[in-house]
Amino acid sequence: MEQRASKVVIITGASSGIGEATAKLLASNGAAVVLAARREDRLRQIAADIRRAGGEADYFQANVASSEEMNMLVRHAVERYGRVDVLVNNAGIMPVSKLRELRVDEWERMIDVNVKGVLYGIAAVLPVMRDQRSGHIVNVSSVAGHVVSPTSAVYSATKFAVRAITEGLRQEESPETGIRTTIIAPGMTETELMNTVSSPEVKQMGEMLRGMSIPPDRIAKAIAYAIDQPDDTSVSEIVIRPTAQP
Ligand code: NDP
């Protein structure tokens, strides 16, 4: 008889970095993971790696900035596994720059992916979790969701927003329905995130700081910790950064 996976977990931004590391770790802990992102070839490869290692994984191509695609993603997971225990809203971009550079299209993309993407994920999964009367929504914010620095104004604004949305959701849902929420706030982590930066000045600074970054599995372990708590215990926020990060 097929063994029932311990939890069904959807992870956005699972085609690289923190999302990929989280998918691999949770699958190795027994979860059935549904990987989502835009790069389908990467998702297919990572899902195959997970299955080869004995885990349960599926993938679905979705742009988090489309509410329709997020609805389709959640529907796909429910059709495949019958429920959704956890949604990890991890997809994000960080094209940071000074405000005076007026990179308005990048401000809009950050808001679309980092804020609307999280909201669309919540909108897609919340009715399912309310029906189940259980579920867990993990939203990836950042240390930049606590502090602003030059070039990070808009990115920080999106990550402050992620924290506000997550805390609001906790207050509304956790006492009534038992749906839990967790904010994950990573510091500098070695991923492909710097590839989304177009400002040459920021790119150069990023390269200088690269040696300080911690590997993405450190963040994955924090997500696994939050998810693994018993139902009566809610991990509201975890901040994880390199020891050397100011
Ligand atoms: P990566 O660039 O390695 O991963 C980002 C992921 O998001 C990719 O899988 C990418 O996939 C996906 N993504 C981007 N845009 C979209 C979109 N429109 N729709 C669907 N998926 C999308 O970076 P990280 O792993 O570092 O980033 C993960 C999260 O961690 C982000 O929210 C980031 O802000 C946050 N974070 C990262 C830190 C760091 O230092 N690395 C520090 C603090 C927070 P694809 O391109 O295939 O769609």
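User: Which helix supplies the largest share of the shell around the ligand?
Analyst: This is a predicted model in which local features need pLDDT of at least 70 and side-chain atom pairs count only at pLDDT 80 or more, whereas totals for chains, interfaces and linings use all residues. Residues are numbered from 1 along each chain as its sequence is written. Helices (H or I, at least four residues) and strands (E, at least two) are DSSP runs, numbered from the N terminus. The largest share of the shell, three residues, comes from helix 1 (residues 17–28).

User: Which residues come nearest to the ligand?
Analyst: A residue is near the ligand if its C-beta atom, placed from the backbone, lies within 6 Å of it. There are 30 residues around the ligand. Those that come nearest are Gly-13, Gly-17, Arg-38, Arg-39 and Gly-92.

User: How many residues of the shell around the ligand are charged?
Analyst: Ala, Val, Leu, Ile, Met, Phe, Trp, Tyr, Cys and Pro count as nonpolar, Asp, Glu, Lys and Arg as charged, and the others, Gly among them, as polar. The shell has 14 nonpolar and 12 polar residues. Its number of charged residues is four.

User: In what pattern do the helices and strands follow one another along the sequence?
Analyst: The chain contains seven helices and seven strands. Read along the sequence, their pattern is β-α-β-α-β-α-β-α-β-α-β-α-α-β.

User: What is the radius of gyration of the chain?
Analyst: Along the principal axes, the C-alpha atoms fill a box of roughly 60 × 40 × 35 Å. For 246 residues, a compact globule would have a radius of gyration near 18 Å, and the value for the chain agrees with this: 17 Å.

User: At what angle do helix 3 and helix 4 pack?
Analyst: Ser-67, Met-70, Asn-71, Leu-73, Val-74 and Val-78 in helix 3 meet Tyr-120, Gly-121, Ala-123, Ala-124, Val-125 and Val-128 in helix 4. The residues of this contact divide into nine nonpolar, three polar and no charged. The axes of helix 3 (residues 67–81) and helix 4 (residues 104–132) are 8 Å apart, and the packing angle is about 35°.

User: Is Glu-106 buried or exposed?
Analyst: Glu-106 has its place in helix 4. Not counting residues up to four places away in sequence, Glu-106 touches Pro-95, Ser-97 and Ser-198 (a contact requires C-beta atoms, placed from the backbone, within 7 Å). A residue is buried if 20 or more other C-beta atoms lie within 10 Å of its own, exposed if 12 or fewer, and partly exposed in between. Because Glu-106 has 21 C-beta neighbours inside 10 Å, it counts as buried.

User: Which residue in the loop between helix 4 and strand 5 has a positive phi although it is not a glycine?
Analyst: The phi in question is about 55°. The residue found in the loop between helix 4 and strand 5 (136–140) with this phi is Arg-133.

User: What is the phi of Thr-151?
Analyst: Thr-151 lies in the loop between strand 5 and helix 5 (153–177). With 19 C-beta neighbours inside 10 Å, Thr-151 counts as partly exposed. Its phi is positive in a residue other than glycine, near 85°.

User: How far apart in space are Ser-174 and Glu-79, C-alpha to C-alpha?
Analyst: Ser-174 is placed in helix 5, and its contacts beyond four places in sequence are Ile-179, Arg-180, Thr-181 and Ser-234. Ser-174 and Glu-79 are 95 residues apart in sequence, and their C-alpha separation is 26 Å.

How values were computed. The radius of gyration is taken over C-alpha atoms; the globule rule is 2.2 Å times the number of residues to the power 0.38. Axes are lines fitted to C-alpha atoms, for helices over the stretch in contact, and angles run from 0 to 180 degrees between N-to-C directions. Two residues are in contact if their C-beta atoms, placed from the backbone, lie within 7 Å.
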